[in-house]
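Me: I've got a model open and keep running into labels I'd like to see justified. Could you walk me through them?

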Amino acid sequence: MSVDDRFTSDASTLRSDPALGTFSEIVSGPVRDWATDFSHTGEEWARGAIGIWDDLRQRCPIAHTERFGGAWLPTRYEDVAAVAYDTEHFSSRGIIAGNFRPPRALAPVGGTPPISSDPPFHHDARKLLLPAFTKNAVGRQEESTRAFCASLVDGLAGRDVVDAAADYAQHIPVRVIADMLGFPPEDGPRFRRFVENALEGIDLPPEERLARSSRLFEYLLVQIRDHLEHPREDLTSYLLEAELHGRKLEPAHVAGTMALLLIAGIDTTWSAIGASLWHLAGHPEDRRRLVAEPGLRPRAVEEFLRAYAPVTMARLVKDDVTWRGVEMKAEDWVLLSFPAANRDPAQFERAGEVLIDRQVNRHAAFGLGIHRCVGSHLARMELRVALDVWLDRVPEFSLADPAAVRWSTGQIRGPRALPLRIG
Amino acid sequence: MRISIDPSLCQGHGRCYDLAPDLFGADDEGYATLLVPDGRVPADLEDGARLAAANCPESAVLVLRDAVTEEVTR
Ligand code: HEM
Ligand code: SF4
């Protein structure tokens, strides 16, 4: 067996030295005015983001904040789409808006290709992943996903009140992605912590965030070495063998893409499943209809994705620019709020209502343009199967304590505590 | 009625092949393909064609009424 000398050094070589990035001053505390001082990291946002966007769309459609070293928040569909399509002015080098900006030298590859990549590199990095995530390819995970969801429901037996976020929704994407990457299923609880570090904890001190993220790369290196010794039919072995422009991938590319796949699919899908169950728990007429009419479920899933879209992305402004009337500075963040776009009345009829049989639904929950979610077919399958199994097995459920429902802060929005009374 | 896909816009969201699997398929990377010759839509599948066009997030599905009238909806 030949040794792959790409992975003989320690985990710190798998990513660029974060010290080369820039840190902005951490500004916390209550928001004074959402139009000029917004923050996506506080409890107020967690509880009321939808109302905040609706308000801003009317009075200040491109809101600003001095926090995070400067950031913008467009809330109209039209503006969100324009940013997503405009890779001239906006870079994906940073996609999690906070007080850390990745080193400029990382562009156009970024730390976690392809989500962090800009053209022209982006296209090729993305192309590597597409075949594994087509609708057909992810269909192969459906049976095992269904069996796993059923086993989770089995585990709820005998209880009147369960936490549908923590006891059900959370586990599904963790298991699916562990299987696809070929990681031990019992490592699931660790993935949760990796995700939390990457996506939440935005206002933690930089040293703390960096220490936490090095643990992720140490873990990935262990998995990589294990796969080099025992290659198998999974995404990790695929990435280790994959070639780009006639050469095997750079070690940082392999590890960065693995980190992305691990992180991108977990909180997002968990949030989508949780938000759908939350809606149904509070709307018995919709719940009864979906229990009785399984054929309607795929359409309802699209409406839940529109109305409770879990994912807001970010971009970094490349150079100073006057953009649609506002003065953006180089290195400002722009939050790319697909959730706000999805609730714009200029784009959707009855935008503020959840209509589970909505026919025309051109929502942007999986993004727009070149970065369209690579995992969208996988996520749709998980969401559909998770709801199928739940509705068939637990047709009666309601919110056990509406005040105890807790929504996440940050860019991925979904219920993190969701106590439901079942049966 | 005829349909076509604008490959410069299609990003492989797959709404078309979810909603109208008799008209649209997917290639190895998930981008949409046409399953009907020349994009000619059999009369009983016209609703499916309209539904696909109305749900494509990238507005990449074009529905053309008869070539003469040139009415285009995306
Ligand atoms: C309901 C669940 C999900 C939602 C709402 C969602 C949403 C998104 C969005 C909005 C983007 C665009 C990012 C941008 O424009 O910068 C994206 C990108 C991406 N997502 Fe997802 N995602 C979900 C689940 C998944 C899953 C399950 C995976 C796979 C494990 C995944 C993998 C990716 C990857 C690899 C990208 C980067 C694509 C690129 O940059 O070309 N996602 N996702
Ligand atoms: S729905 Fe639109 S973007 Fe998606 S595959 Fe079909 S044509 Fe392409």
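What follows is a back-and-forth about the labels used for this predicted model.

Me: Let's begin with Gln170(A). Why is Gln170(A) called buried?

Reply: Buried means under 20% relative accessible area. Gln170(A) comes out at 12%, so the label fits. As for where that is, Gln170(A) sits in the loop between helix H6 (164-169) and helix H7 (171-181) of chain A.

Me: What makes Ala165(A), Arg192(A) and Trp270(A) contacts of Gln170(A)?

Reply: A contact needs heavy atoms within 4.5 Å. Once the neighbours within four places in sequence are set aside, Ala165(A), Arg192(A) and Trp270(A) are what Gln170(A) touches. Trp270(A) is 100 residues away along the chain, yet the two C-alpha atoms are separated by 5.0 Å.

Me: And the link from Gln170(A) to the backbone oxygen of Ala166(A), what makes that a polar contact?

Reply: The cut-off is 3.5 Å between N or O atoms. The side chain of Gln170(A) gets to that backbone oxygen at 3.4 Å, so the pair passes.

Me: Over to charges. How do you know that Arg47(A) and Glu43(A) form a salt bridge?

Reply: The side-chain nitrogen has to be within 4 Å of a carboxyl oxygen, and this pair has an N to O distance of 4.0 Å. Both residues belong to helix H1 of chain A, four residues apart, about one turn. An α-helix has 3.6 residues a turn, so residues three or four places apart point the same way.

Me: Why is Arg47(A) called exposed, and Glu43(A) partly exposed?

Reply: Exposed starts over 50%, and buried is under 20%. Arg47(A) has 60%, so it's exposed. Glu43(A) has 43%, so it falls in between.

Me: What about Arg57(A) and Asp54(A), how do you know that they form a salt bridge?

Reply: Their closest N and O atoms are 2.9 Å apart, against a limit of 4 Å. They also lie in helix H1 of chain A, three residues apart. Arg57(A) is buried because its relative accessible area is 10%, while Asp54(A), at 29%, is partly exposed.

Me: What makes Arg380(A) and Glu302(A) a tie between parts 78 residues apart in sequence?

Reply: First the bridge: closest N and O atoms 2.7 Å apart. Arg380(A) is in helix H16 and Glu302(A) in helix H14 of chain A, so the pair joins those two parts. Both residues are buried. Over all chains, the structure has 38 salt bridges.

Me: Why is helix H14 (residues 297-307) of chain A called mostly covered?

Reply: Nine of its eleven residues are buried, among them Arg297(A), Glu302(A) and Phe304(A). Those buried residues pack against H1, H12, H13 and H16 of chain A, together with helix H1 (15-19) of chain B. Arg297(A) also takes part in a salt-bridge network with Glu142(A), Arg146(A), Arg384(A), Asp388(A) and Asp392(A).

Me: How do you know that Asp86(A) has no salt bridge?

Reply: The nearest side chain of opposite charge, Lys318(A), is 7.3 Å away, and the limit is 4 Å. Asp86(A) is buried all the same. What the side chain of Asp86(A) does have is a polar contact of 2.8 Å with the side chain of His89(A). Asp86(A) lies in the loop between helix H2 (77-85) and strand E4 (90-91) of chain A.

Me: Now ligand 1. What makes Cys373(A) a donor of its iron atom?

Reply: Donors are N, O and S atoms within 2.8 Å of the metal. The SG atom of Cys373(A) is at 2.2 Å, so it qualifies, and Cys373(A) is the only protein donor. Cys373(A) sits in the loop between helix H15 (338-341) and H16 of chain A.

Me: Which residues come nearest to ligand 1, and how do you know that His122(A) and His371(A) make polar contacts with it?

Reply: Of the 29 residues around ligand 1, the nearest are His122(A), Arg126(A), Arg315(A), His371(A) and Cys373(A). Polar side-chain atoms of His122(A) and His371(A) lie 2.8 Å and 2.6 Å from an oxygen atom of the ligand, and the limit is 3.5 Å. A polar backbone atom of Pro114(A) is 3.4 Å from a ligand oxygen.

Technical notes. Residues numbered from 1 in each chain as written. Chains lettered and ligands numbered in written order. Predicted model: local features only at pLDDT ≥ 70, side-chain atom pairs only at ≥ 80, totals over all residues. Heavy atoms only, no water. Buried < 20%, exposed > 50% of the residue type's maximum accessible area, 1.4 Å probe, protein only. Donors = N, O, S within 2.8 Å, 3.2 Å for Na, K, Ca; no water. Polar contact = N/O pair within 3.5 Å; in protein donor to acceptor, adjacent residues only side chain to side chain. Lys, Arg positive; Asp, Glu negative; His and termini not counted. Near = heavy atom within 4 Å.
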